[in-house]
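The following note sets out points for a colleague's review of one structure. The points are numbered so that each may be answered separately.

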Amino acid sequence: MNQSVEFAFRSTSEADTERLAERLAAQFQPGTVIALDGDLGAGKTRFSQAVAKALGITEVVNSPTFTIIKEYEGADLPLYHMDVYRISMAEADELGLDDYFYGDGVSLVEWSSIITPILPPKYLHLFIQSDGEHERVMRLTAYGEPYVTWVNELKRMGV
């Protein structure tokens with residue numbers, strides 16, 4: 001079983017969300033997997049946009065609800081933005097997501113809890129919960145390295 005560690009971050013503005021995304025993106029490497037969950041409108045896509053910005057992506061980033069996967073070329077790493085809300089576990093398995101998860105870029109998976117069994121054993125889970133109009137509680141759970149180190153560093157720095 002992988003080591004795991006948790007950290008809760010309170011975002012009171014889009015600037016806070018961007019700061020968290022920037023701190024995380026600075027650590028990204030090929031094969032990074034960020035699993036995103038939360039209610040509709042909680043901020044999964046907004047967080048994804050902040051990650052894209054931190055990766056140097058200038059294209060408009062929106063939810064890939066109907067296309068399932070959108071690919072963007074970042075300054076150093078490609079971003080694979082996925083939304084698995086509308087697919088079954090069997091369909092997800094057929095998509096060949098492992099090629100993305102173990103590839104040369106960063107995979108952001110919205111509604112990841114739908115496909116938890118096929119996620120890699122090491123990843124960062126981010127659950128976003130609305131707490132008022134502009135506030136969000138972001139619960140990060142790191143499974144394995146390097147994610148445990150990243151979350152411990154965020155805890156130490158206080159983001």
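What span should the 12 residues of H1 have, and how far apart are its end C-alpha atoms? The numbered points begin with this matter and then turn to packing, backbone geometry and single residues.

1. The model under review is predicted. For helix H1, residues 14–25, a rise of 1.5 Å a residue gives an expected span of 16 Å for its 12 residues. The end C-alpha atoms of H1 are 16 Å apart, which agrees with that expectation.

2. The packing of H1 with helix H2 (residues 44–54) deserves attention: the two helices meet at an angle of about 50 degrees, and their axes are 8 Å apart. H1 is therefore oblique to H2, an angle counting as oblique when it falls outside the ranges under 35, 65 to 115 and over 145 degrees. The crossing of H1 past H2 is right-handed.

3. On the H1 side, the residues that meet H2 are Glu 14, Thr 17, Glu 18, Leu 20, Ala 21, Glu 22, Leu 24 and Ala 25. Their counterparts in H2 are Arg 46, Phe 47, Ala 50, Val 51, Lys 53 and Ala 54. By class, the residues of this contact of H1 with H2 comprise eight nonpolar, one polar and five charged.

4. H1 also packs with helix H5 (147–157). Here the angle is about 135 degrees, and the axes are 11 Å apart. H1 is thus oblique to H5 as well, and H1 passes H5 in a right-handed crossing. Leu 20, Arg 23 and Leu 24 of H1 make the contact with Trp 150, Leu 154 and Met 157 of H5. Five nonpolar residues, no polar residues and one charged residue make up the contact of H1 with H5.

5. Which residues of H1 are buried? They are Asp 16, Thr 17, Glu 18, Leu 20, Ala 21, Leu 24 and Ala 25. The elements against which these buried residues pack are strand E1 (4–11), H2, strand E6 (123–130), strand E7 (136–143) and H5.

6. The buried residues of H2 are Lys 44, Phe 47, Ser 48, Ala 50, Val 51 and Ala 52. These pack against H1, strand E2 (32–38), E4, strand E5 (106–110) and E6. Just after H2, Gly 56 adopts a positive phi of about 85 degrees.

7. Two residues other than glycine also have positive phi and may be examined together. Ile 68, in the loop between H2 and strand E3 (69–73), has phi near 75 degrees. With a relative accessible area of 18%, Ile 68 is buried, because the cut-off for that class is under 20%. Trp 111, in the loop between E5 and E6, has a positive phi of about 65 degrees. Trp 111 is likewise buried, its relative accessible area being 15%.

8. The peptide bond joining Glu 145 and Pro 146 is cis, with omega of about 10 degrees. Pro 146 is placed in the loop between E7 and H5.

9. Is Leu 124 buried or exposed? At 0% relative accessibility, Leu 124 counts as buried, and its place is in strand E6. Not counting residues up to four places away in sequence, Leu 124 touches Leu 24, Val 33, Ile 34, Ala 35, Leu 140, Thr 141, Ala 142, Tyr 147 and Val 151. Leu 124 and Leu 40 are 84 residues apart along the chain, and their C-alpha atoms are separated by 20 Å.

10. Two loop residues complete the note. Phe 66 lies in the loop between H2 and E3 and, at 71% relative accessibility, counts as exposed. The C-alpha atoms of Phe 66 and Ile 87 are separated by 9.7 Å, with their positions 21 residues apart along the chain taken as the sequence separation. Ser 88 is in the loop between strand E4 (78–83) and helix H3 (89–94). Ser 88 is partly exposed, its relative accessible area being 34%. From C-alpha to C-alpha, Ser 88 and Arg 46 are 24 Å apart in space, and they are 42 residues apart in sequence.

Note on methods:
Residues numbered from 1 in each chain as written. Predicted model: local features only at pLDDT ≥ 70, side-chain atom pairs only at ≥ 80, totals over all residues. Heavy atoms only, no water. Axes fitted to C-alpha atoms, helices over the stretch in contact; angles between N-to-C directions. Helix = DSSP H or I, 4+ residues; strand = E, 2+ residues; numbered from the N terminus. Left-handed = near helix turned anticlockwise from the far one by under 90°. Contact = heavy atoms within 4.5 Å. Nonpolar A, V, L, I, M, F, W, Y, C, P; charged D, E, K, R; others polar. Expected span 1.5 Å × (residues − 1). Buried < 20%, exposed > 50% of the residue type's maximum accessible area, 1.4 Å probe, protein only.
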